[in-house]
Amino acid sequence: MYGIVNKAIEGLVTENFGVEKWIEIKALSNIQEERFLSHEQYDDSVTFGLATAAAEVLHLPIAKVLVAFGKYWVLKTAKKHYGSLMDSGGNDFDNFLLNLPNFHSRVMLLYPNIQPPEFKVHKEEDDVFHVHYYSTRPGLTHFVEGLLLGLGEAFGKNVKVLLVRSREQGFDHDEFEIAC
Ligand code: HEM
């Protein structure tokens, strides 16, 4: 994945737990790089290795690390560095969700070689959405849970995110129900 993702993990760890923990996490995952470059592509194993090492060093379940990372991505990384891109996604939570399937086609203008996630979004009734998440990468279910919670917070909505089907259970994708 592009280095911006690894840099965001670094931000999450250093801002919440301190730089010493980040050094420990990098050492545990055998990372030689002094710093990650946002627009350079790194093997996915680097990102997964960092997340796994963070869980171990911080004594947290990996699911919690991924939820925290998803929230951090929306509330810090995207807000700080990609404000106008986020604004182009929609001016309220409902519109942002309904536009989510097209979002990474705009991201691709900045990061042309991404392997983007795929989303299908259905409005079931007022204030209830189903978000279907497809990916070539396994293991990011709880990252998406955190992203959806972060979007709710970014738009001032108290959302509940429920995983109703998952790849872990043998389905070909994850499905979330979002009540807001
Ligand atoms: C300005 C905001 C955003 C930017 C710049 C951005 C950029 C990226 C980049 C660079 C990757 C790495 C893909 C690769 O290197 O192959 C990625 C992956 C991903 N993004 Fe975004 N993204 C943004 C917002 C979002 C939002 C709002 C969501 C969902 C709510 C989202 C969901 C994901 C997921 C799930 C992945 C993992 C890819 C996979 O499933 O295989 N992103 N994004």
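This passage looks at an iron site, two loop residues and a helix pair in a predicted model.

The iron comes first. On the protein side, the iron atom of the ligand has just one donor, His-104, which reaches it through NE2 at 2.1 Å. His-104 itself sits in helix H6, the stretch covering residues 93-110.

Next come two residues with unusual backbone angles. His-59 is not a glycine, yet its phi is positive, at about 55°. This histidine lies in the loop that links helix H3 (44-58) to helix H4 (62-81). With a relative accessible area of 71%, above the 50% cut-off, His-59 counts as exposed. Asp-127 is another non-glycine residue with a positive phi, here about 70°. Its loop runs between strand S1 (118-125) and strand S2 (128-134). Asp-127 has a relative accessible area of 32%, so it falls in the partly exposed class, between 20% and 50%.

Helix H4, which follows the loop of His-59, also packs against another helix. Its axis and that of helix H1 (residues 3-17) come within 10 Å, crossing at roughly 100°. That angle falls between 65 and 115 degrees, so H1 and H4 are roughly perpendicular to each other. On the H1 side, the contact is made by Ile-4, Val-5, Ala-8, Ile-9, Gly-11, Leu-12 and Glu-15. H4 contributes Val-65, Ala-68, Phe-69, Tyr-72, Trp-73, Lys-76 and Thr-77. Sorted by type, the residues of this H1 and H4 contact come out as 10 nonpolar, two polar and two charged.

Methods: Residues numbered from 1 in each chain as written. Predicted model: local features only at pLDDT ≥ 70, side-chain atom pairs only at ≥ 80, totals over all residues. Heavy atoms only, no water. Donors = N, O, S within 2.8 Å, 3.2 Å for Na, K, Ca; no water. Helix = DSSP H or I, 4+ residues; strand = E, 2+ residues; numbered from the N terminus. Buried < 20%, exposed > 50% of the residue type's maximum accessible area, 1.4 Å probe, protein only. Axes fitted to C-alpha atoms, helices over the stretch in contact; angles between N-to-C directions. Parallel < 35°, antiparallel > 145°, perpendicular 65-115°, else oblique. Contact = heavy atoms within 4.5 Å. Nonpolar A, V, L, I, M, F, W, Y, C, P; charged D, E, K, R; others polar.
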